[in-house]
Amino acid sequence: MRIILLGPPGAGKGTQAKQLSFELDLAHIATGDLLRFNVSEKTVLGLKAQEYMNKGLLVPDDLVIQMLKERFMQADVKKGFILDGFPRTIQQAIALDDLLKNYNWRIDFVFNLDCSEKVIIQRLSGRLVCKNCGANFHISNMPPKRKGICDLCGGQLYQRTDDNEETIRKRLAVYQQESAPLIDYYTKQGLLRQIQADRSQKEVLEAMVSFVKCKNDCRAL
Ligand SMILES: [Zn+2]
């Protein structure tokens with residue numbers, strides 16, 4: 001089983017990908033983590049990526065594709081995977097399809113976490129991030145036990161400067177523009193499943209699992 005997770009910032013994509021990979025026993029491939037790993041381990045690809053990052057440039061698609069290629073060769077990926085953070089554009093989706101062809105692999109599902117702007121703003125503008133371990137909390141939805149202190153490591157919590165309403169609206173507009181052709185691309189292939197993601201974490205997870213479990217029936221819908 002190979003799954004792609006799409007969704008705007010604040011839809012809970014990272015958390016859902018982690019939960020779903022656990023639930024379905026699939027490898028969780030987050031391209032953000034993959035990039036950070038390559039950079040911190042100073043791999044050949046990581047060093048190349050670092051050069052772009054030093055110049056304040058985006059890491060080019062072909063470098064990310066090469067990182068994915070190496071990741072796909074690892075044993076845990078044989079059972080299948082959930083891809084989180086890639087593709088973000090239609091060009092990346094086409095490059096991914098080309099890569100998958102080498103293995104005779106195909107994508108089974110593309111879940112699009114569909115979240116209303118109101119809920120995204122509520123989630124992101126109240127988000128608290130731990131300076132030390134990166135854990136996320138929320139001012140009202142998931143407050144830490146002690147104000148301003150991480151439950152997990154005792155680190156200091158802060159609000160990201162780009163987690164304010166105005167910036168969130170801008171980030172969402174950019175996301176919508178980039179992802180619309182991507183959603184269209186996977187819809188045409190019959191792979192896209194809309195998941196209403198204003199609901200609780202558990203309900204969203206259950207919705208995705210039920211699609212996977214009734215795979216054959218749902219395909220006919
Ligand atoms: Zn922490």
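Hi everyone. Two strands count as paired here if DSSP finds at least two bridges between them. With that in hand, take β8, where Gln196 is the bridge partner of Asp114. Please keep in mind that we are looking at a predicted model.

Let me stay with that part of the fold for a moment. Strand β4, residues 109–114, pairs with strand β8, residues 192–196, in the parallel sense, and five bridges join the two. Besides the pair I just mentioned, Phe111 stands opposite Arg193 in β8. On another pairing of β4, strand β1, residues 2–6, runs parallel to β4 over four bridges, and Leu6 sits opposite Asn112 of β4. How much of β4 is covered? Mostly covered is the answer, with five of its six residues buried.

Now let's zoom out to the whole sheet. In what order do the strands of this open sheet come? The five strands are arranged β2-β3-β1-β4-β8, and the pairing is parallel. The edges are taken by β2 (27–30) and β8; each has a single partner strand, so one side of each is left without a neighbour in the sheet. For those of you who like geometry, neighbouring strands in this sheet are turned by 25° against each other on average, direction ignored.

Next, the helices. Helix α2 lies across β2 and β3, and its direction is at about 75° to β2. In general, a pair of packed helices is described by the angle between their axes and the distance between the axes. For helix α2 (residues 31–40) and helix α4 (residues 61–72), the axes come within 10 Å and the crossing is at roughly 90°. Angles of 65 to 115 degrees count as roughly perpendicular, and α2 and α4 are therefore roughly perpendicular to each other. If you want to select the residues where they meet, take Thr31, Leu34, Leu35 and Asn38 on the α2 side, and Val64, Met67, Leu68, Glu70 and Arg71 on the α4 side.

One loop residue I'd like to show you is Thr89, between β3 (81–84) and α5 (90–102). Is Thr89 buried or exposed? Its relative accessibility is 17%, and the cut-off for buried is under 20%, so Thr89 counts as buried. Which residues does Thr89 contact, leaving aside neighbours within four places in sequence? Those are Asp61, Glu178 and Leu182.

Let me finish with the metal site and the sheet beside it in my notes. Which residues coordinate the zinc ion? The donors are the SG atoms of Cys130, Cys133, Cys150 and Cys153, at 2.3 Å. Along the chain, the donors follow the spacing C-x2-C-x16-C-x2-C. Why call the arrangement tetrahedral? The four donor atoms subtend angles of 101 to 114° around the zinc ion, and the criterion is that all angles lie between 85 and 135 degrees. As for accessibility, Cys150 is at 3%, so Cys150 counts as buried, whereas Cys153 is at 35% and counts as partly exposed.

Cys130 also brings us to the other open sheet, because Cys130 stands opposite Leu157 in β7. That sheet has three strands in the order β6-β5-β7, with antiparallel pairing. Its edge strands are β6 (136–138) and β7 (157–158); each has a single partner strand, so one side of each lacks a neighbour in the sheet. Strand β5, residues 127–130, pairs with β7 in the antiparallel sense over two bridges.

That's my tour. Thanks for listening!

Methods:
Residues are numbered from 1 along each chain as its sequence is written. This is a predicted model: local features need pLDDT of at least 70, side-chain atom pairs count only at pLDDT 80 or more; totals for chains, interfaces and linings use all residues. Side-chain values use heavy atoms; hydrogens and water are left out. Donors are N, O and S atoms within 2.8 Å of the metal (3.2 Å for Na, K and Ca); water is not among the atoms, so sites may look incomplete. Four donors count as tetrahedral if all angles lie between 85 and 135 degrees; four count as square planar and six as octahedral if opposite donors are over 155 degrees apart and all others between 65 and 115; anything else is irregular. Buried means under 20% relative accessible area, exposed over 50%, partly exposed in between (1.4 Å probe, protein chains only). Axes are lines fitted to C-alpha atoms, for helices over the stretch in contact, and angles run from 0 to 180 degrees between N-to-C directions. Angles under 35 degrees count as roughly parallel, over 145 as roughly antiparallel, 65 to 115 as roughly perpendicular and the rest as oblique. Contact means heavy atoms within 4.5 Å.
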